[in-house]
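Here's a quick walk through one model, stop by stop. Have the viewer open and follow along.

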Amino acid sequence: MTVVGPFGLSVRDQALEADVQAGLAAVEEGLLEATKSGVPFITEAAQHLVRAGGKRFRPLLVMLAAQFGDPYAPGVVPSAVVVELTHLATLYHDDVMDEADMRRGAPSANARWGNSLAVLTGDFLFSRASWILADLGPEAVRIQAEAFERLVTGQILETAGPLDGRDPIEHYLDVIGGKTGSLIAVSGRYGAMMSGADERVVETLTHYGERLGAAFQLADDVLDIASDSHESGKTPGTDLREGIPTLPVLHLRARAEATGDPEDLELCALLDGDLADDGRLAEVLRRLRAHPALEQARRDTVRYAEEARATLAPLPECPARAALEELCDAVVHRAG
């Protein structure tokens with residue numbers, strides 16, 4: 001059993017391990033090449049998060065999905081570079097919106113260079129992803145455009161909040177389907193499509209990515225509360241401090257509204273207050289870590305991961321399918 005990639009997937013097949021390792025190494029080279037500019041400062045800013053590392057979850061999924069066709073097909077690695085560049089670009093923008101100070105254990109781009117340059121660097125990465133996509137064909141461009149529309153729509157829905165009368169948890173699950181599930185679904189789709197896999201396999205891996213993406217985001221929600229900065233690579237409570245609704249908080253609010261429990265109502269009031277104060281944030285984190293709402297969010301993470309696993313049933317038994325199943329376990333493990 002060998003651990004492959006920064007995400008830490010355990011692979012038990014030597015041939016698969018070699019293919020995935022080689023693919024991810026080629027993606028790293030592709031990311032560095034794609035983020036080079038004739039202007040040295042742009043190169044430095046564009047490679048800031050590339051060199052900070054990361055889980056490379058999306059490229060890993062591309063490599064595994066490509067195993068159901070020809071994993072050496074010429075479009076596989078470039079498509080993995082495209083999805084990771086797109087993801088990285090959204091991180092630059094997210095950190096500006098969230099006013100985050102850390103990302104992947106390093107100062108965020110906006111903390112280092114300011115909001116304007118961080119936004120423009122994200123735009124630069126989007127342009128480089130589009131450049132690579134142009135060589136992958138019109139269908140690849142259309143798929144990316146649809147996914148990007150869903151991603152932006154999810155971000156807008158998160159910012160706008162649920163309509164009156166709509167269940168906030170249902171609204172939030174729609175948000176993460178767009179913000180996170182869309183690009184992870186594209187990762188499965190590109191890997192299978194670029195490798196020439198059967199259309200039924202392409203659809204299966206697209207649906208798998210959609211469900212796994214939701215589990216991945218819910219695990220991040222749990223980590224924002226339950227982890228320390230060493231584990232998550234960003235400051236704990238970042239989402240709480242910025243007032244971003246995450247699943248544990250939504251479960252807390254639903255419980256407080258349903259039961260009127262004084263301690264729950266008090267915790268909701270703390271969340272609604274000024275969490276710029278480090279002491280207040282620490283108190284909220286301490287109480288949320290001991291609250292049943294956090295465990296409920298963990299159970300939801302497991303449910304989505306199990307739904308992702310179930311979508312793999314039509315695929316043939318093979319090392320790649322086993323690795324995709326283990327990827328579900330790895331996502332759940334992140335949430336504790």
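## The second largest pocket

Start with the second largest pocket, whose lining is made up of Asp-167, Pro-168, Ile-169, Pro-245, Leu-250, Arg-253, Ala-254 and Glu-257. Keep in mind that this is a predicted model. The pocket's volume comes out at about 160 Å³.

Which helices each supply at least two residues of that lining? They are H9, spanning 168-194, and H13, spanning 247-259. H13 gives the most, with 4 residues. Sorted by class, the lining has 5 nonpolar and 3 charged residues, with no polar ones.

## The main nonpolar core

Now for the largest nonpolar core, which has 96 residues. The residues with the most contacts inside this core are Leu-64, Tyr-190, Leu-205, Tyr-208, Leu-240, Leu-288 and Leu-327. Helix H10, residues 199-226, provides the largest share of the core, 12 residues. As a general point, nonpolar side chains in soluble globular proteins tend to be buried together.

Take Leu-64 and skip its neighbours within four places in sequence: what is Leu-64 in contact with? Its partners are Leu-9, Leu-16 and Val-20, together with Ala-320, Ala-323, Leu-324 and Leu-327. Leu-327 also turns up beside Leu-64 in the list of residues with the most contacts inside the core.

## Ile-143 on helix H8

Ile-143 sits in helix H8, which runs over residues 138-160. Buried or exposed? Ile-143 has a relative accessible area of 5%, so it counts as buried. Beyond the residues up to four places away in sequence, Ile-143 touches Val-186, Arg-189, Tyr-190 and Met-193. Of these, Tyr-190 is one of the residues with the most contacts inside the largest nonpolar core.

For a sense of distance, try Ile-143 against Leu-324: they are 181 residues apart in sequence, and their C-alpha atoms lie 22 Å apart in space.

## Ala-293 on helix H16

Ala-293 belongs to helix H16, residues 292-311. With a relative accessible area of 3%, Ala-293 is buried. Leaving out residues up to four places away in sequence, Ala-293 touches Pro-248, His-251 and Leu-252. Those numbers fall within the 247-259 span of H13, the helix you met at the pocket.

Between Ala-293 and Gly-178 there are 23 Å in space, C-alpha to C-alpha, and 115 residues in sequence.

## Trp-113 and Arg-56

Trp-113 is part of helix H6, residues 109-113. Not counting residues up to four places away in sequence, Trp-113 touches Phe-41, Glu-44, Ala-45 and His-48. One of these, Ala-45, is 68 residues from Trp-113 in sequence, with the two C-alpha atoms 8.5 Å apart.

Next, have a look at the backbone of Arg-56. This residue isn't a glycine, yet its phi is positive, about 50°. Where is Arg-56 found? It's in the loop between helix H3 (48-51) and helix H4 (57-65). Despite being in a loop, Arg-56 counts as buried, at 3% relative accessibility.

## Gly-336 after helix H17

Follow the chain past helix H17 (319-334) and you reach the segment that holds Gly-336. At 83% relative accessibility, Gly-336 counts as exposed. Gly-336 and Leu-223 are 113 residues apart along the chain, but 8.5 Å separates their C-alpha atoms.

## Cysteines without disulfides

How many disulfides are there? The count comes to 0. Why does Cys-318 not form one? The closest cysteine sulfur, in Cys-328, is 14 Å from the sulfur of Cys-318, too far for a bond. The cut-off for a disulfide is 2.5 Å between the two sulfur atoms.

As for surroundings, Cys-318 is partly exposed, with a relative accessible area of 23%. Cys-268, on the other hand, is buried, with a relative accessible area of 8%.

Key:
Residues numbered from 1 in each chain as written. Predicted model: local features only at pLDDT ≥ 70, side-chain atom pairs only at ≥ 80, totals over all residues. Heavy atoms only, no water. Buried < 20%, exposed > 50% of the residue type's maximum accessible area, 1.4 Å probe, protein only. 1 Å grid on protein atoms, 1.4 Å probe; cavity = no way out; pocket = protein on both sides within 12 Å on 5 of 7 lines; lining within 4 Å. Points joined across faces, edges and corners; volume = space filled by probe spheres on them. Nonpolar A, V, L, I, M, F, W, Y, C, P; charged D, E, K, R; others polar. Core = buried A, V, L, I, M, F, W, Y, C linked by side-chain atoms within 4.5 Å. Contact = heavy atoms within 4.5 Å.
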